[in-house]
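Hi,

Here is the structure I promised to pass on. Have a look at it first, and then read my notes underneath.

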Amino acid sequence: LSESVLQLHVVTAVMHWVMDTHSQGSVLVFLPGWQEISSCAALIKKDVNLRCYQIVTLHSTVPPTEQRTAFQPPHAGRRKVILSTDIAET
């Protein structure tokens with residue numbers, strides 16, 4: 001497996017751990033670029049046990065209105081996972 005694939009599986013493993021050990025909270029994930037963000041979002045969507053997560057992507061190609069959802073609380077009964085490049089940190 002390539003390094004990127006392994007990292008994405010680590011992300012979903014951490015998300016499962018957060019669900020199992022914390023009653024609430026969100027997960028912020030920094031990824032190298034849009035390809036990894038898209039791949040990670042697709043992997044999360046395939047996992048039926050992670051459907052409680054609302055996926056938010058932060059990248060220059062995502063419209064600002066969509067990116068603002070990162071700063072809003074998740075929908076009722078859901079958690080939020082923010083998939084972002086490290087540039088969004090600034």
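Below is what I found in the sheet.

A quick word on the basis: this is a predicted model, where local features need pLDDT of at least 70 and side-chain atom pairs count only at pLDDT 80 or more, while totals for chains, interfaces and linings use all residues. Residues are numbered from 1 along each chain as its sequence is written, and side-chain values use heavy atoms, with hydrogens and water left out.

The strands (DSSP runs of E, at least two residues, numbered from the N terminus) form an open sheet of 3, in the order 1-3-2 with parallel pairing. Strand 1 (27–30) and strand 2 (53–58) are at the edges with a single partner strand each, so each has one side without a neighbour in the sheet. From one strand to the next, the twist averages 20° (axes are lines fitted to C-alpha atoms, and angles run from 0 to 180 degrees between N-to-C directions).

Now the pairings, which need at least two DSSP bridges between the strands. Strand 1 pairs with strand 3 (residues 79–84) in the parallel sense over 4 bridges. There, Leu-28 sits opposite Ile-82 and Val-29 opposite Leu-83. Strand 2 and strand 3 are also paired in the parallel sense, over 6 bridges, and Leu-58 faces Ser-84 of strand 3.

So is strand 3 covered or exposed? Mostly covered: 6 of its 6 residues are buried, meaning under 20% relative accessible area (1.4 Å probe, protein chains only). One side of strand 3 has Arg-79, Val-81 and Leu-83, the other has Lys-80, Ile-82 and Ser-84, and all of these are buried.

Cheers

Key
Buried means under 20% relative accessible area, exposed over 50%, partly exposed in between (1.4 Å probe, protein chains only).
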